[in-house]
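Student: I am new to this structure. Could you take me to one part of the chain, look at it closely, and then connect it to the rest?

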Amino acid sequence: MNILYLSLKIHKGVVFVERLYPRFIVIHHTAGFDVPALTIDGYHAKQGFGVKITSPKPLVEEYIRRGFRRTDGGVIVCIGYHYLIRTDGSVEKGRPDFIRGAHCVADNMNFKSIGVALTGNFCSKDNPRGEKGLTRPSKAQVTSLKELVHHLMEIYQIPRENVLGHKNVKNAATSCPGDRFVFEL
Ligand SMILES: [Zn+2]
């Protein structure tokens with residue numbers, strides 16, 4: 001596995017950790033079945049999305065308790081999204097908010113946004129009859145998404161116009177989160 005560590009900048013012998021300061025929220029569907037964050041972590045590990053998290057210690061321990069892979073002095077988190085919203089409306093934490101994402105290359109969004117994904121495949125062309133997962137967001141998912149987005153907008157002071165579906169990001173060539181995804185803040 002190809003592991004991308006926290007990007008470090010060295011300036012005059014001092015090491016700085018490049019952290020994410022979220023200014024946007026990008027919404028996705030997973031394009032698949034309703035599976036836990038840890039399962040998606042496994043898919044994304046194969047794509048080399050991993051970051052090593054060494055602090056704060058209680059956070060590292062929480063990830064290890066949840067089943068993420070322990071490594072010397074820390075834990076490897078590979079899921080590209082910061083949050084995953086399951087069909088039953090439960091919100092699972094993906095990578096920490098302060099770590100760059102691996103969910104949207106377009107417009108450099110991995111470095112300036114929080115990535116939120118709903119399990120399901122809401123694209124009518126790709127998933128007409130539900131053979132690839134839930135065909136549209138569940139009521140519970142929409143309720144949780146609203147709550148989560150409002151919460152993130154408040155803590156990071158993100159304006160409404162900076163909350164985007166993946167396909168609405170400048171230069172994004174994707175149909176994600178699908179034409180059946182309709183969301184009003
Ligand atoms: Zn997407």
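Tutor: Start at Pro 56, in the loop between strand 4 and helix 2. The model is predicted, and what follows was computed from it. Look at the peptide bond between Ser 55 and Pro 56: this bond is cis, with omega about -5 degrees. Most peptide bonds are trans. A cis bond also joins Cys 176 to Pro 177, where omega is near 5 degrees. Pro 177 belongs to the segment after strand 10 (163-165).

Now look at what flanks the loop of Pro 56. Strand 4 spans 51-53 and helix 2 spans 57-66, and each of them gives at least two residues to the largest nonpolar core. That core holds 29 residues. Ile 25, Val 77, Leu 84 and Val 116 have the most contacts inside it. Other elements that supply at least two residues each include helix 1 (37-46), strand 6 (74-77), strand 7 (83-85) and helix 3 (139-156). Strand 3 (24-29) and strand 9 (113-118) do so as well. The largest share is from strand 9, with four residues.

Next, follow strand 3. Of its six residues, five are buried, so the rest of the structure largely encloses this strand. Which strands pair with it? Strand 9 pairs with strand 3 in the parallel sense, over six bridges. Here His 28 faces Ala 117 of strand 9. Strand 10 is also a parallel partner of strand 3, over three bridges. In that pairing Ile 27 stands opposite Gly 165.

Ile 25 shows the packing residue by residue. Leaving out residues up to four places away in sequence, Ile 25 touches Ser 113, Ile 114 and Val 116, among others. Its contacts also include Val 149, Leu 152, Ile 158, Asn 162 and Val 163.

Move on to Val 169, in the segment after strand 10. Is Val 169 buried or partly exposed? It is partly exposed, because it has 19 C-beta neighbours inside 10 Å, and a buried residue needs 20 or more. Beyond four places in sequence, Val 169 contacts Val 26, Cys 104, Ala 106, Asp 107, Met 109 and Leu 164. Take Cys 104 from that list. It is 65 residues from Val 169 in sequence, yet their C-alpha atoms are 8.5 Å apart.

Asp 107, another contact of Val 169, deserves a stop. It sits in the loop between strand 8 (91-93) and strand 9. Its phi is positive, about 55 degrees, though it is not a glycine. Most residues other than glycine have a negative phi. With 16 C-beta neighbours inside 10 Å, Asp 107 is partly exposed. Gln 157 also has a positive phi, near 55 degrees. Its place is the loop between helix 3 and strand 10. Gln 157 counts as exposed because 10 other C-beta atoms lie within 10 Å of its own.

Finally, step back to the whole chain. It has three helices and 10 strands. From the N terminus, their order is β-β-β-α-β-α-β-β-β-β-β-α-β. Of the 185 residues, 34% count as buried. Consider contacts between residues at least 6 apart in sequence: 67% of these join residues at least 24 apart.

Methods: Residues are numbered from 1 along each chain as its sequence is written. This is a predicted model: local features need pLDDT of at least 70, side-chain atom pairs count only at pLDDT 80 or more; totals for chains, interfaces and linings use all residues. A nonpolar core is a set of buried Ala, Val, Leu, Ile, Met, Phe, Trp, Tyr and Cys residues joined through C-beta atoms within 7 Å. A residue is buried if 20 or more other C-beta atoms lie within 10 Å of its own, exposed if 12 or fewer, and partly exposed in between; C-beta atoms are placed from the backbone. Two residues are in contact if their C-beta atoms, placed from the backbone, lie within 7 Å. Two strands pair if DSSP finds at least two bridges between them.
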